[in-house]
Amino acid sequence: MTTEKTNNTTSEFKSLAPPSLLTRVINSFIKGKVSGNIAFVVSILVIFGFILVAVAPQWFTMHDPTLNTLTDRHQEPGYIDKNGNSHFMGTDHLGRDVWSRLLWGARASLIVGGAGLLIGGTVGIFVGLLAGYRGGWFDRIAMRVVDAYLSFPYILIAIVWAALIGTDVANLIIIVAVRGWVEFARVTRGQALAIREREYITAIRALGGSDVRIILRHILPNTMAPILVVAGFQLGRLILLEATLSFLTIGIRPPTPAWGSMLADARPYLSKAWWTVLYPGLALSLIVMAANFLGDSLRDKMDPALRGKE
Amino acid sequence: MQTPLLQIEDLKTYFYTSNGVVKAVDGISYSVHEGETVAIVGESGCGKSVSALSVMRLVPSPPGKTVNGKVIYQGNDILKASDSEMRKIRGKQIAMVFQDPMTSLNPVLTIKYQLVEPMKLHLNLTESQCVDRAVELLDLVGISDGRKRLDDYPHQFSGGMRQRVMIAMALSCDPKLIIADEPTTNLDVTIQAQILEVMEKVIEETKTAMVIITHNLGVVARYADTVNIMYAGKIVESGTCEEIFKNVRHPYTEGLLQSVPRLDARAERLQPIPGLPPDLRNLPPGCRFADRCKYVHAKCTEAMPELETVSDSHVSACWIKDTIGVKS
Amino acid sequence: MQTFLIQRILTAIVTVFIVSIVVFLFVQASGNAAAMLISADMERDAMLELEEKLGLNDPLYVQYARFMADFFTGGGAVYSFKYMTPVLPMVLEALKWTMVLAFGAISVSVILAIPLGTIAAIKRGSFIDLIIRLIAVFGQSMPSFWVAMMLMLIVAVNWQLLPVSGAGIKEAILPITALSFYQLAVLLRLFRAEMLEVIHQDYVRTARSKGIKEFAVIYRHCMQNAALPVLTMAGIQLSQMMLGAIVIEPIFAWPGIGYLIIGSVMYRDYPVVVGGVMIAGMLVTTINLLVDILYGQLDPRIRVS
């Protein structure tokens, strides 16, 4: 069989396949009512907002987040400094503007969290596809590892790792990615296992379709929807992981702003400067909530029977 | 005629959904006398189960609601009863046997608990008296080794046995009326026969009245005294068993009787009733069976026929009821 | 059931083993292996000599074996820098305090989640349901260390109701509250969802048809069925509570394993860090294992088969 002929017949057979889960999810969004979609829309907007802020914080503030102005320490929100600029969230223990630190801190969270998510996700999907589709020893080992991960507290390892090896951004991203791949692998494997049993896969194989083709063209698209659900939740989880490490002072190093370390800095002055405690935490809560809502709304759309008990 | 045990007048139960109002039960009336077996027959979705739930006031309450009618039990309209009064009736006066024995028993409680629970509530017996009675009931429904099996859980019984347990449960407080909602539909055919025999024996011994809801005409012919045929939320024909089978006066009932395959006649093709039941949210103005009826004419689509007398034990809601007939 | 049990135990043992190796390797990689055993202000020659003497040039697996042996017999080289006492007893002592918080938090969250979840399910769609669901959503998104700080700020500093730090009954209230927040949110959502599903089951309808009082229907027929997954989750989360404590304890100066580990990280007291992590990890894995076994006992369907 020539390659061309294989291509043609395979794509004819593609029409045998039911529309992928992702397509169905997208359709259900388009046809769905506003009230159902609102969580999704709002969470996407919030996340985009954060990304925008992380990319270009200077558009939203004029203050330098690392400028120490010791004469302006711990000023309450609304303070106007000697240059006539207002600090609408007040200043921290070194006189730095809280609002701008918050904006620049988004960068840290999103870089470490986001990169960790992407790397971990890629690895996890890869492992999951291989394990689910091929099975055999790879699958057995992979699943043991996943089980072990889930019964062991990763935070402990992360603490030891960060404390002993170092807190540069690259290392932090790795620590986060190593946490993040597990759920992706599990979900992808489950989907791969289910899909490979379907008849159209056998049909394609009978036509000479290679494993790689099957995985990329047929299995992967059908796993996209659950993967996106997992991605939503993982984003929140990984950002929280980074923030926890920063809070324990083994994450992002000062003076680089990061929400976790802002909270750590605020600890000794808790009773004096409530604004240094409230705002970084709110920012963290907001992004985690948006990530969770994203995952939730995607999951609700995916299969009401699976989960939708609201 | 003696006063009926249960009299239902113009009962209407609607479901308010986001897609419209579903008129599941749209004005039915029938009565049940002591010791009588009344059958309610119809296809899926005609409202027969909902009518039974309405009597017991177990209709899931959003989105369902009984909007009209009277259910008169022993002289009192129980639709107007308070919650606590209703609870005294349920289980003690009127008991129900549900369709699916697999899901109708609580999986994490022993059947001893589930049998004894209503007895402790309604009867004035000690715990051990209740347990003894439970063993007797299990024996009555044909479960041997009752005392040992009391400590078992529902999943340790087969479907047929579970249904027997349900029947035992319904009988446990000596109700005057049992409503059985398709009690054998979910069981294997061979088990169906057994369960029906159990029910027949039980009714003979206890003289309980029964409302049996089914779509199986064989069951009806064998066990029912009175038959009510339901279609699209209304009763379209009602009468004694003999009248209905031998002197059918409604096209729908005729269709039902003709669609049952027979062993004694030479079978050529099965004769189903063409078409589908109407959408209960969007009911047509005239007779609801008009679009599937082979005798349909102009009047049928304009005006809704009411139940009118055919004989003193037979009514039918059809404009041409006097001219239909089928050979038995 | 037997094989399943054995498999689980093996997996748990292997996991702990691997983690201890991983941790040990981290220490080696950080170039601080010597620092594990040698005081910080030794002179270079003396240090090299000691290295040789203490077998730091031995192959890794030998060092590892020695390390593990020392650690568990509470002797030899695994001493805290700061306190110059064996690590193991320190860790065990701290664990007790942490377990107080963990059990306290689990209890609080279960005790609150069940009634609140029930109310939310029964009154589905109402205002109170909305409030409860909002609590659950916020609770799951707020970082526990922030909740801890806010609680401290509001209750201890502003209202002056409770002490800020230390170890005692009054001092335990804030940390337990902070710790249970996330847990409460998770259990609330779960219980509400379970109740909603159970309430619509046929067997609940059967119970009502027997004339059972509504309270008994909810309690006996609904809650018991819905509670099972929730209790399992609570059990699983017991170990998560321990981990949450790690972050919260330093904030309240509660002398548990978190306080110990984090403090030791600050002081670069590596033996304590490593020892603490290993013991905590072992405990967590053991708890998870026990919960798995327990689950098999609770559900009669699993038990009988």
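User: What makes the passing of α9(A) and α11(A) a left-handed crossing?

Analyst: Happy to go through it, with the reminder that this is a predicted model. A crossing counts as left-handed when the near helix is turned anticlockwise from the far one by less than a right angle, and α9(A) passes α11(A) in just that sense.

User: Why are α9(A) and α11(A) called roughly antiparallel?

Analyst: The axes of α9(A), residues 211-247, and α11(A), residues 275-302, cross at roughly 165 degrees and come within 8 Å. Angles over 145 degrees count as roughly antiparallel, so the two helices earn that label.

User: Which classes of residue make up the contact of α9(A) with α11(A)?

Analyst: Among the residues that α9(A) brings are A:Leu228, A:Phe233 and A:Ile239, while α11(A) offers A:Leu284, A:Asn292 and A:Arg299, among others. By class, the contact divides into 16 nonpolar, four polar and one charged.

User: Now to chain B. How do you know that β9(B) and β10(B) pair?

Analyst: Pairing needs at least two bridges between the strands. β9(B), residues 226-231, and β10(B) have six, in the antiparallel sense. In this pair B:Asn228 stands opposite B:Ser238. The hairpin has two residues between the strands, and B:Ala232 in it takes a positive phi near 45 degrees.

User: What makes β12(B) a partner of β10(B) too?

Analyst: The cut-off of at least two bridges applies again, and three bridges join β10(B) to β12(B), residues 314-316, with the strands running antiparallel. Here B:Ser238 stands opposite B:Val315.

User: Why is β10(B) called mostly covered?

Analyst: A residue is buried if 20 or more other C-beta atoms lie within 10 Å of its own. In β10(B), residues 234-240, six of the seven residues are buried, and the strand is described as mostly covered.

User: And what makes α9(C) mostly covered?

Analyst: α9(C) spans residues 202-209, and six of its eight residues are buried. They are C:Tyr203, C:Arg205, C:Thr206, C:Ala207, C:Arg208 and C:Ser209. Their cover includes α1 and β6 of chain B, together with α10 of chain C. Just after the helix, C:Gly211 takes a positive phi of about 85 degrees.

User: How many residues does each of chains B and C give to their contact?

Analyst: Chain B gives 25 residues and chain C gives 17. On the side of chain B, α2, β6 and α3 each supply at least two residues, and the largest share, four residues, comes from α3(B). By class, that side has 12 nonpolar, seven polar and six charged residues.

Technical notes
Residues numbered from 1 in each chain as written. Chains lettered and ligands numbered in written order. Predicted model: local features only at pLDDT ≥ 70, side-chain atom pairs only at ≥ 80, totals over all residues. Buried ≥ 20, exposed ≤ 12 C-beta atoms within 10 Å, placed from the backbone. Axes fitted to C-alpha atoms, helices over the stretch in contact; angles between N-to-C directions. Parallel < 35°, antiparallel > 145°, perpendicular 65-115°, else oblique. Contact = placed C-beta atoms within 7 Å. Nonpolar A, V, L, I, M, F, W, Y, C, P; charged D, E, K, R; others polar.
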